[in-house]
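Please describe how this model is built. Cover its domains, its sheet and its chain contacts.

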Amino acid sequence: MERTIAFNLNGKKTQVKVDDERTLLWVLRSDLGLTGAKFGCGAALCGSCTVIVDKEAVRSCSVPVKDIAGKRLLTIEGLSKNGQLHPLQDAFVHHNAMQCGFCTPGMIMKAYALLLQNPKPTRAEIIRYMDDNLCRCGGHERIVAAIQYAAAATKGRMS
Amino acid sequence: MKVEDAIVAEKTVVNRRDFLKAGGAGLVVLFWVGPLKAFQQPYTEAPPSIPTDFNAFLQIKPDNTITCFVGRVELGQGPKTALAQLVAEELDVPFDAIDMVMVDTDVCPWDMGTFGSLSIRVLGPILRGASAEARAVLLKMAADQFGAPVARLQVSDGVITDPTQGKRVTYGTLVQGKRIEKHLGKTPLKTVSAFKVMGKSPQRKDAIEKVTGKAQFAGDVTVPGMVYARILRSPAHGAKLKSADTSAAEKMPGAQVLKDGDLIAVIHERPDLADKALGLIKAEYDRPQTGLDDKTIFDHLVRNAQPPKVIAESGTVESADKTANSIENTYVQSYCSHAAIETHSALAQIQGNKVTVWAATQIPFRLRDLVAQTLGFPKANVRVIASYVGGAFGGKTNPQNCLEAVRLAKLVGKPVQLVYRRDEDFFNERFRPAAVVKIRSALTNGQITSWDYTVYAAGDGGAATFYDIPNQRTTAVPVSAIAWQKQDTAGGLHPFNVGPWRMPGTLTNTFARESQMDLLATKAGVDPVEFRLQHLSDKRMRRVLEAATKQFGWKPAKPPTGKGVGVACGTTYKTYVATVAQVALDKSTGKVRVEHVVTAVDAGVIVNPDGTRQQVEGCITMGIGSALSEEVGFSNGEMHTRNFDSYEIPRFSTMPTMEVVLIDNPDLAPDAIAEPPVITVPAAIANAVSDAIGTRLFQLPMTPPRILQALKQS
């Protein structure tokens, strides 16, 4: 059903008039012009499309846009503030925790949700939480290190 | 060298057309015609706006920043950073002053394609030479301006000074309004001890864009009026379309059905709605019954592969073989996918008689020619822009998706974006070929006396052995287009397309050779490392093997030890690799966990240590997938592998602790690093698995069912 869906997108009130069964990822990418969340598998198997909805990591390729009505949506585009990288982004840069970079936005958003829930995750907790986000270039070890580094930098004060 | 030779008249440049229009004042063009054919234009037809006989351009701007134009693609392997280091080093400018313009076929020099680990080992020396020569030209210009001998001048951070007269001038000021071109002379390159930028690990040039979501991949590009396409795919390779009812799709608001011969597609202004429209098409097919599946394929390959030929031989294999104990084994390896997280993606825009394609491709210039052919356009009217590519590993040498996008753009008269779904990506993949290797080898008094090696379908990469064996013969079919074709094409062998996958053939051949070496070591009752050293006179190979085993803390013992440790050696291009792996194996489930991997690499001078480590880590990761889980399932042309639930790539919980040992080898030019470290990983893991269970698996990947079966049979 086509209707207007209102939500908060990266801190701003946003409305889109779309068929509310449409997939969140494609509304983000082709209606709202936010291409940071990537299409990788279309079946919630790879995590490249990960965004944050009300503090939870969500696979936007497998969620209808109606599910975010009235909620707060955060994408990779909304993570840095006033031109300053978020500590997680900074940590990924610092550790060269990317090669092709295609999985990177999803990795960072997933890690963001982790640190919201668990500001001081152990290495084992990071691996368990991140395990369904796939990276083909083999950046896993660096990503784990970057998340640990960001956790230390934020000291539980995530924004 | 005279400056007059270097600064050419405007008319010469005009003859080359007004390339680099955006250059403005202070344009320095550097040059050379390299001796390396691989990087020269393979045809005489002039490209649209750039000279044909140049391999790189440097533009020095008035603000003393430098733009380097190269035809290479950033696939994640880091050339945007490492090539900038080479330029900065030889030009004596800060790394941050270099801006890399990667592939846009309208402004970058021709390049054969980004594969074969060519960027550093082949383009690297050219780029360094061009930069060194640029520096020499600039010094001479400054010397003329100052009225001072070159020898007295000093250069640092792009500023030339004459300490005696107290004069200084920046590169940017010197070259203002001048165009300089030069064929590469013999300006000496800096030695390792003089390096300031090479040998360091600066922040990746693509890092900020990639962590902020600003990096544009082909599927992220939009142009006004663009539509998204979905193509009707057959359920199996070789299936023939009987009928297609597109009426429901045509009735869907906003959807349009396109037909062009065998190509049926739907377009829509929204990609998910194009998907929905595609789902409304009812199609019927005749399905083939080939009898080929992921189990029967190996016999098929041996029976039908092009007859291999002897490619290397020394001594007399037959007679030697008869005089000794021989072991004969057959090793097989399943089809394997590149499985980059970015599926094949392209956007095609036709404006009048010109076409622009934004493509996830490793072969932008080849793609330009193919697009021209597809549309019947002159090559000069085709522009390919390869923005960031989301992983490739050989898979994005496949132009199919881009050519489909241009066909559809022409049909509909609108720009078309075509991003493959994951199942479509698996269906149209050019997989790493399944392959069979047969080895017969003989041992006499603890020494290998005979080695007869035959490989089917994988190609000859890494097939010939580097071990010292008096009688040896290698039989292989060199990799060729024919060897890689589908069964339904002339000379084709495989049930679907296959193609290059990170170091073609070599991973397969290394697995077979190093497995056989371990079997021979076991037969001889000698520690596998010691056994290899007894057959190795190649100093570089000995060095990587010794470095890896030392770092690991290898304890010599008669195999099998039950500890789950394994070793493998390999070489490709001029890079040497040795890997030691330790595994833990659950005998009740057959599940293997790789716990620790040490890889030692000798790739000559290391341009960027951290970038090199990233490549080795990536290779270890992919190697683990090839060893344990990655396998394409199929039967009668139908793919059973359609997404990441049926094709398992390594994930966070799979990863071992990794140690990378970079051999310091300042006497050798930088060589390949993006591919070679993958070749030894499955072999080392296979040897570790055998060491753990005392029996051997002859097939990759070593999945839990295969391990359980091997345990049952032992």
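Chain A splits into domain 1 (2-78) and domain 2 (87-154), with bounds from an automatic or database domain assignment. Their C-alpha centres lie 21 Å apart. This is a predicted model: local features need pLDDT of at least 70, side-chain atom pairs count only at pLDDT 80 or more, and totals for chains, interfaces and linings use all residues. Residues are numbered from 1 along each chain as its sequence is written, while chains are lettered from A and ligands numbered from 1 in the order in which they are written.

Two interfaces are listed below. Contact means C-beta atoms, placed from the backbone, within 7 Å.

| Interface | Residues in contact |
|---|---|
| Domain 1 of chain A with domain 2 of chain A | 14 residues with 13 residues |
| Chain A with chain B | 41 residues with 46 residues |

On the domain 1 side of the domain interface, S3 and S4 of chain A each give two or more residues. S3(A) has the largest share, 3 residues.

Now the sheet. In chain A, 5 strands form an open, mixed sheet in the order S2-S1-S5-S3-S4. Strands are DSSP runs of E, at least two residues; helices are runs of H or I, at least four; both are numbered from the N terminus. Pairing takes at least two DSSP bridges between strands. Strand S2 (12-19) and strand S4 (56-59) of chain A are the edges. Strand S1 (residues 2-9) and strand S5 (residues 72-74) of chain A run parallel, over 2 bridges. A:Leu9 has A:Leu73 as its bridge partner in S5(A). H3(A) packs on the sheet, touching strand S3 (50-53) and S4 of chain A.

Notes. Two residues are in contact if their C-beta atoms, placed from the backbone, lie within 7 Å. Axes are lines fitted to C-alpha atoms, for helices over the stretch in contact, and angles run from 0 to 180 degrees between N-to-C directions.
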